[in-house]
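Welcome, and please open the structure in your viewer. We will take a short walk through it, one selection at a time.

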Amino acid sequence: MLTALSIRDIVLIEKLDIALDRDLTVLTGETGAGKSILLDALGLALGARGDSALVRAGAERGVVTAAFSLASNPPALVLLREQGIDTEGELVIRRIQSADGPSRAAINDQPVSLNLLRQIAGALAEIHGQHADRALVDVAAHRQLLDAFGGLEADSQEVAALWTTAAAAEDALRDHRDRMARAEAERAYLEHAEEELRALAPVAGEEALLADARQLMMSSEQFAGALGEAEEALAGDGTSVARLNAALRKLERRREQAGGRLDAVCAALDRVLAEIGEAERTLAEAHISFRFDPRELEKSEERLFALRAAARKFKCTVDTLADVRERVSRDLQALGDGGAQLKALERASAGARAAFDAAAERLSNKRRKAARSLDKAVMAELPPLKLERARFAAAVETDAGKPGAHGIDRVEFMVAANPGTPLAPLMKVASGGELARFMLALKVILASRGSAPTLIFDEIDTGVGGAVADAIGARLARLAENLQVLAVTHSPQVAARAAQHMLISKMEEVAGKRMVTRVQPLSAQRRREEVARMLSGAKVTEAARAQADELLRGRA
């Protein structure tokens, strides 16, 4: 849910901080007070297209910050994990719009693209209003909404998995057929290449090993010379092992009479002799390791040159020669197995496609049944919303010739706003107020199964009053039992049902002689006055206050 909204320097809003509760929150105010500015700012945070005109005059930039609690929003958490965005149950979106044009966005202080922001914001909140660009009516989502309504998510996931399997089997079959066709056309070349590569027997990583060994053998004389100098130094007169041994034996014979004064000397000489012996041994081993037969060098060079020549011939690297050999062998094997592998792949592909077709057909039948139930449920919601003559239908178009991970169906919500008119796409037929009320009816039906946890409705009660406005308020309150609902409204019947009431007003700053928009949560007394104003107009009468009391008592 949306827990807080902070706005800085957006149009007439200089500084605004709002804390929001769950349930139903209404925002009211006179025409021109700035309700649309508030929604424009919220839309900016949810990924709407940036516009430098939104920045308050004289400011360098405008900033909108929206904080969301993710306690019960698994879809959003999954998206965030997939994108590597850290969160501990709270998500903060910050959108900065500069006065010179560009905007940027961040989620939990991590910069994100506008596309990613929209994707994540779609799992957080939806804005439904008078204008198509605010109503999140995405035809691509209708199939998902219908599946959610019908409880068909598991069936849909099964179809998607079977489609993946069938597509992979078809790709394997196509690759094998291409390999066979290519192999048949190049049989003579492949046979020659296989014979040559089998004789060469390349091994991945062999080039580096040969090059290192070649370089070592070419430098062996230099290494041997340095080792020889070390051996000569150890064998010289100054450090003769025989002389040291003789001295040590003389000292050890007199050791007992020295009263311990020769112990350290004897131990030191013993260590020196041991180290000299170890040095002589390791030098000898190292010397031997650098003795290379010139024929070995010649052999390594010939092998290295042969591998590099083959790599040039087959237009690859030396390290991938083994892969080329394997591919050539597979191509020839495809020709030599009598078509057994081809037949096996054909059976696998046909079986996978048959399993997908059967599951897709079952899902399609279930979708048509769910569509009829959805039609009936939505139609029952329309009369109280002054849409008693309208029709709604979840159209399921099945085309087995256009399968996909979704199955074989295209789903689109269709309406006819007036009697005698044909059904047409929702976005193309309904007027602003009708569209919002259709969306409200859909949301009431789908709220627990296919909705973002926060819904914002922009003046969906425009052009209606009395019983219809009361019906709209009742449905918003029903939605708010399970979701967070924010509603910009001119209807006192809707406002009276809110758990939280905020007043949007425009006032002139005395010092700056400029207009600014304010948003204030209303106390019980001020809420009574605001509902009375909505009932009576500019002049609040006692009769309006009494009627406001009646409305508020009836919703308590």
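## Stop one: a pair of strands

Select residues 61-69 and 90-98: these are strand 4 and strand 5, which run antiparallel and are joined by 9 bridges. Keep in mind as you look that this is a predicted model. For one rung of this pairing, pick Thr65, whose bridge partner in strand 5 is Arg94. As background, strands of a sheet pair through backbone hydrogen bonds, either parallel or antiparallel.

## Stop two: the whole sheet

Now widen the view. Strands 4 and 5 belong to an open sheet of 6 strands, ordered 2-1-4-5-6-7 with antiparallel pairing. Which strands stand at the edges? Select 13-19 for strand 2 and 110-112 for strand 7: each has a single partner strand, so one side of each is left without a neighbour in the sheet. On average, and ignoring direction, neighbouring strands here are turned by 15° against each other.

Next, add residues 35-45. This is helix 1, which packs on the sheet and touches strand 1 (2-10), strand 2, strand 4 and strand 5. The direction of helix 1 makes about 110° with that of strand 1.

## Stop three: a glutamate in a helix

Jump along the chain to residues 524-536, helix 18, and select Glu530 within this helix. Is Glu530 buried or exposed? Its relative accessible area is 6%, under the 20% cut-off, so Glu530 counts as buried. Show side chains, and you will find that of Glu530 in a polar contact with the side chain of Arg533, at 2.7 Å. Finally, leaving aside neighbours within four places in sequence, display what Glu530 is in contact with: Thr28, Gly29, His501, Leu503 and Leu522.

Notes
Residues are numbered from 1 along each chain as its sequence is written. This is a predicted model: local features need pLDDT of at least 70, side-chain atom pairs count only at pLDDT 80 or more; totals for chains, interfaces and linings use all residues. Side-chain values use heavy atoms; hydrogens and water are left out. Two strands pair if DSSP finds at least two bridges between them. Helices (H or I, at least four residues) and strands (E, at least two) are DSSP runs, numbered from the N terminus. Axes are lines fitted to C-alpha atoms, for helices over the stretch in contact, and angles run from 0 to 180 degrees between N-to-C directions. Contact means heavy atoms within 4.5 Å. Buried means under 20% relative accessible area, exposed over 50%, partly exposed in between (1.4 Å probe, protein chains only). A polar contact is a pair of N or O atoms within 3.5 Å; within protein, one must be able to donate a hydrogen and the other to accept it, and residues adjacent in sequence count only if both atoms are side-chain atoms.
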